[in-house]
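Hi everyone, thanks for coming. Please have the picture ready, and I'll walk you through a few places in it.

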Amino acid sequence: MTPTERVEEIAFDPDRTVADRAQSIAEYFSAQGDEGPEQAAVCLLETTDEAVAEYVAEYLELVPDAREAKTRAAERLRGAGPLVRSAARLVPWLPESVTDAFTDDYLAAPDPESPLSSVIFNIGVYHPDRLRRYADRLGTPLHQLSLLSGAPDGQADSLLHDWHKTHDREDLIALALIRTPHAADLIASVRDEVDTPEEWEWLMPLAGRLPDTGTPAGFPPAFMGFVTDRGASPHTMGGRYAQEVPLCVRCGAPADRLLTLSTDDLPYTLSGDPSFFWFSCDCDEVDILYVQFTAEGTRAYYQPQGPSAEMSRVVPGERSMTLEPHPNQLGVSRPAVTGRSRHQVGGLPRWPSPETHPLCPGCGNFMPFLAAVDSGPTPFGPMGFAGSLFGFWCDRCSISATRTQT
């Protein structure tokens, strides 16, 4: 049985749910090791079924690198009618010549309802500068919103002018999502004009600066993160954590290690290796976990603490996170869809809805964003939590905060 035949067998199995099919296909290709991405690309070259193309492209979206295979598959999908929709998942790895070709195809007959519209949407998310000159021809507010990231100063000035006339909060959100120094300056200028201090305290970090110190709200540069097998990267996911961890107040279950970042493998100046934790129990007791790292061990704030579990349930087994530079270094202006937004280290958070950064329990300052892990599928099985988890790090106090949002 060829890989395409096996994938079609899974995709057409009436006894599986859509989520089960997607997960099984991802696990099938993952089991092929280094050959998985190439076999997936061949499948995309051969299939004529939209569902199969979507399942296979979703797997390719979950794995790092493989640019040549992903580009070859995207070029074939470009001429495959309705199947072109699946090329949207491959946009982060495509060269400019290919994304420009997709853009030319769309602009020849702009139609927001066409399958090609999904590709254009993701080009806006990852490469807004490639689309900005065509903004008036793209057709929908969905496309326009992705182009806020890095928008010119004149557009930022116009949004502030509109807000002063109407006091429509959406104008300030759009201004913050431009995320340029000029846009951040404009958000800073309205501190005493917004309705409440709390509103400004989430608008300012959305624009890229912490509201109390004015320092960056995240750690540049930004990376896309991928769940990979144990040892593939020095950044550890899951597995048993050697020191004590927070315990659930209600059931006593230990929090699992979500991610430990290796400072030596990052371009940031950090005092230690930040770790982030979350519960896999169903108690829903907290929406944020704080842990401090000291020479004597860990300290959980506001929670009891105890030994880690032998096996992680938040992450499917002991894995690692492999990083690649994010194509959009300013920060994506489209809100995240939990379960589909993937993972990130550094840069600015892509919130499902704007949120205030947590206050450090050590020094009392707002904490900069460092990592986000989504609950979507992985090549090794599903994550053991819902929504997305956002990690923040106070380097002065060596304290991590993990916050959930669904």
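Let me begin with one word: buried means under 20% relative accessible area, exposed means over 50%, and partly exposed lies in between, using a 1.4 Å probe and protein chains only. Please keep in mind that this is a predicted model, where local features need pLDDT of at least 70, side-chain atom pairs count only at pLDDT 80 or more, and totals for chains, interfaces and linings use all residues. Residues are numbered from 1 along each chain as its sequence is written, and side-chain values use heavy atoms, with hydrogens and water left out.

Now to Gln23. With a relative accessible area of 10%, Gln23 is buried. It is found in helix H2; helices (H or I, at least four residues) and strands (E, at least two) are DSSP runs, numbered from the N terminus. What is Gln23 in contact with, leaving aside its neighbours within four places in sequence? Taking contact as heavy atoms within 4.5 Å, the partners are Pro377, Thr378, Pro379, Phe380, Gly381 and Pro382.

Next, the cores. A nonpolar core is a set of buried Ala, Val, Leu, Ile, Met, Phe, Trp, Tyr and Cys residues joined through side-chain atoms within 4.5 Å. The largest one here has 50 residues, and Val7, Phe29, Val56, Phe102, Val119 and Leu138 touch the most other members. At least two residues each come from helices H1, H2, H3, H4, H5, H6 and H7 and from strand S1. Which helix gives the largest share of this core? That is H4, with seven residues. As for Val7, not counting residues up to four places away in sequence, it touches Ile25, Tyr28, Phe29, Cys43, Val52 and Val56. Apart from that core lies another, of 39 residues, including Ile173 and Phe392.

Let's look at H5, residues 67-78. The expected span of a helix is 1.5 Å times one less than its number of residues, so the twelve residues of H5 should span 16 Å, and its end C-alpha atoms are indeed 16 Å apart. Ala69, Lys70, Thr71, Ala73, Ala74 and Leu77 are buried in H5, and the buried residues of this helix pack against H3, H4 and H6. H6 itself has 13 residues and reaches 18 Å from first C-alpha to last, close to the 18 Å expected. Its buried residues include Val98, Phe102 and Tyr106.

Between H5 and H6 there is a loop, and Leu83 is found in it. Leu83 is buried, with a relative accessible area of 5%. Not counting residues up to four places away in sequence, Leu83 touches Thr47, Thr48, Asp49, Glu50, Ala53, Arg76 and Leu77.

Further along the chain, the axes of H11 (residues 169-176) and H12 (residues 181-189) come within 8 Å and cross at roughly 145 degrees. Axes are lines fitted to C-alpha atoms, for helices over the stretch in contact, with angles from 0 to 180 degrees between N-to-C directions. Leu172, Leu175 and Ala176 in H11 meet Ala183, Leu186 and Ile187 in H12.

Last, the cysteines. How many disulfides does a search of the whole structure find? Zero, where a disulfide is a pair of cysteine sulfur atoms within 2.5 Å. For Cys394, the nearest cysteine sulfur is that of Cys360, 3.7 Å away. At 7% relative accessibility, Cys394 counts as buried. For Cys397, the nearest is that of Cys394, 3.8 Å away, and Cys397 also counts as buried, at 15% relative accessibility.
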